[in-house]
2 protein chains.
Amino acid sequence: MIVASLPSGRDGALVVVSDDLSKARHCAEGSLAAALDAGTITPEGDATSFDAGACVAPLPRARQFLDGSAYVNHVELVRKARGAEMPSSFWTDPLMYQGCPDFLGPRAEIVGKPAWGPDFEAEVAVVTGDVPMGASEDEARAAIRFVMLLNDVSLRGLIPDELSKGFGFVQSKPPGALAPLARSPDDLPGWDGDRLDATMCVDLNGQPFGRTRAGVDMTFGFPRLIAHAARTRPLGAGTVIGSGTVSNKLDGGPGRTVAQGGAGYSCIAEQRMVETLETGAPVTPFLANGDRVRIWMEDREGRSLFGDIDQTVRTT
Amino acid sequence: MIVASLPSGRDGALVVVSDDLSKARHCAEGSLAAALDAGTITPEGDATSFDAGACVAPLPRARQFLDGSAYVNHVELVRKARGAEMPSSFWTDPLMYQGCPDFLGPRAEIVGKPAWGPDFEAEVAVVTGDVPMGASEDEARAAIRFVMLLNDVSLRGLIPDELSKGFGFVQSKPPGALAPLARSPDDLPGWDGDRLDATMCVDLNGQPFGRTRAGVDMTFGFPRLIAHAARTRPLGAGTVIGSGTVSNKLDGGPGRTVAQGGAGYSCIAEQRMVETLETGAPVTPFLANGDRVRIWMEDREGRSLFGDIDQTVRTT
């Protein structure tokens, strides 16, 4: 099943989208949030034409957002670039933060101050049904209702000071944006129950920036991330779990840009880390006013799975 | 206005409670979450008898939970007890984390493993209406809809390892519990728009543990905390902002227990810190199976403002 949300109130109006993405039907439950609460999705009425570009986020208000860092290569590069060792436990114990559960639509502007240093982070995300506290990975896997594509917007200029306070992200992680389509696990090419074998595509100002493989180098699959989040609390239906920035560790070393024939990166910060490791200093700037980032995912046949995130930066 | 929620579905059934707490009327909006979305509360039908002991949390599913550490004395004691200096910026820049937005009812058990080291943290909390990104403190003050009483349950046995990972709390902060009554600012004795002048009362296993003054030593008032949270994001109606553990800095030094004639503490951790500073090691254990914690607030006339949080610990 492919679902999306059209603009309507705070939670959007849930529609079930046809396989060819040309038509959609509204649902009796009203919103995806209400449908997840009810555990049912009931299309009703006639199908009308569907335009992914008119959608809000599939789930504009999640119950919780818990974002993992499952591509540990990314975390290791962050540490290396600042000369710190990554604890070896990071390969066995997921890193995760509690994030802002509000999500922007796929074409929402990224707004802020130039000094905030906005960056994108292209991630896979899942929406769960109810997950009991202490759930096993099998229970967690069975609770995955939809898979989505997320831009976890990050304000790099605010992160060092905020993280140094020791309590994680608040100001440095504003609401992210979701691609228009959410797909159930049984209707998602490349999904194996734990990971999504698909290419994470990022273009920055029309130039290829990233073509990473989401199914590779993901140290922790989604069931593990969900179980980690649910260790000491139940997760209510409508909880979003993020993968963290998709990052490939190619040939055992840091990656190469797409222009150099590599997979590139799913965030600017990682390109800057590789630049720092190779030349001693970062070269690529973070996002600036007017920059445009487009993020989508392609299956092995090159079909777009979730539609486009297409955001422009407006700093004032 | 005094409101509460009776058990009904996921969000509870909103009731408006009479001043003498004996009667309540249901509301057309259904739940407090829906009423905050709508910006209206419309009592309807006849008043029926009200029992605060039958209530769920006023807001079982908040939109977001952002918890400050406004009583900086508490933070300074934490640091001192582990031999670390607190950065002086902590007196001017609020410390805040993004927490679990689900809240238990006032009589819910605190469940978990003995090794998790459960503790209570008695806090004041506010519920906001919509707050625009970049809101001023005056805008933030005007957006406060209700004031509540919160037990921010903390798992001390999990905190050191989780915070050392650098991304804040997830597993170590399970859902907290809210006292049954939420009061609008215009119907709350001791509320000055920024702080609540009332006594935070904590009994542990029937013995007085804390009698701290919430209106004293709160370095950052709620409008400042809300503005901090809203710096880079809008806050949707139904966002909960916590004060952090109420803590008094009496006579310029660490506090004394209630038995010693002092104000005591609003969490066990703080008593342990004072013990560590005074004797080199903590003495008071964290919560264990069967322990019972009761938290309430009293105005200057000794009237209970929010009803009781009364939780028993069940570790297995």
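Me: How many bridges join β18(A) to strand β19 (residues 309-315) of chain A?
Reply: This is a predicted model, where local features need pLDDT of at least 70, side-chain atom pairs count only at pLDDT 80 or more, and totals for chains, interfaces and linings use all residues. Helices (H or I, at least four residues) and strands (E, at least two) are DSSP runs, numbered from the N terminus, and two strands pair if DSSP finds at least two bridges between them. One rung here is A:R294 opposite A:D310 in β19(A). The two strands run antiparallel, and the number of bridges joining them is four.

Me: Which residue of β18(A) stands opposite A:D203?
Reply: Residues are numbered from 1 along each chain as its sequence is written, chains are lettered from A and ligands numbered from 1 in the order in which they are written, and side-chain values use heavy atoms, with hydrogens and water left out. Strand β15 (residues 199-204) of chain A is joined to strand β18 (residues 292-298) of chain A by six bridges, and they run antiparallel. A:T199 faces A:E298 in β18(A), while opposite A:D203 you'll find A:R294.

Me: Which strands of the five-stranded sheet in chain A are left with one side lacking a neighbour?
Reply: The sheet is open, with mixed pairing and the order β8-β19-β18-β15-β16. Its neighbouring strands are turned by 20° against each other on average, direction ignored (axes are lines fitted to C-alpha atoms, for helices over the stretch in contact, and angles run from 0 to 180 degrees between N-to-C directions). The strands at the edges have a single partner strand each, so one side of each has no neighbour in the sheet, and these strands are β8 (110-112) and β16 (207-213) of chain A.

Me: Over in chain B, what is the bridge partner of B:L204 in β16(B)?
Reply: Chain B has an open sheet of five strands, ordered β8-β19-β18-β15-β16 with mixed pairing, and β8 (110-112) and β16 (207-213) are its edge strands. Strand β15 (residues 199-204) of chain B pairs with β16(B) in the antiparallel sense over six bridges. In that pairing, the partner of B:L204 is B:Q207.

Me: By what turn can chain B be laid on chain A?
Reply: The copies are superposed by least squares on the C-alpha atoms of residues with pLDDT of at least 70 in both. The fit gives an RMSD of 0.0 Å and a shift of 0.0 Å along the axis, with a turn of 180°. That's the relation of a two-fold axis. In chain B, the C-alpha nearest the axis sits 2.0 Å from it, in B:G168, and the turn itself is 180°.

Me: What share of the interface residues of chain B are also interface residues in chain A?
Reply: The copies meet through the same surface. You can read that from the overlap of their interface residues, which for chain B is 100%.

Me: How many of the eight residues of helix α5 of chain A are buried?
Reply: Buried means under 20% relative accessible area, exposed over 50%, and partly exposed in between (1.4 Å probe, protein chains only). Among the buried ones are A:F222, A:L225 and A:H228, and the buried residues pack against β5 (64-68), β6 (96-99), β10 (122-128), α3 (137-142), β11 (144-151) and β17 of chain A. Helix α5 (residues 222-229) is largely enclosed by the rest of the structure, because its buried residues number seven.

Me: Which side chain makes a polar contact with that of A:T245?
Reply: A:T245 lies in the loop between β17 (239-242) and α6 (268-279) of chain A, and is buried at 3% relative accessible area. Skipping residues up to four places away in sequence, A:T245 touches residues including A:Y71, A:H74 and A:C267 (contact means heavy atoms within 4.5 Å). A polar contact is a pair of N or O atoms within 3.5 Å; within protein, one must be able to donate a hydrogen and the other to accept it, and residues adjacent in sequence count only if both atoms are side-chain atoms. At 3.1 Å, the partner side chain is that of A:E121.

Me: How many disulfides does the structure hold over all chains?
Reply: A disulfide here is a pair of cysteine sulfur atoms within 2.5 Å. Take A:C55, which is buried at 8%: its closest cysteine sulfur, in A:C27, is 12 Å away, so that's too far for a bond. B:C55, buried at 7%, is in no disulfide either, with the sulfur of B:C27 13 Å away. Over all chains, the number of disulfides is zero.
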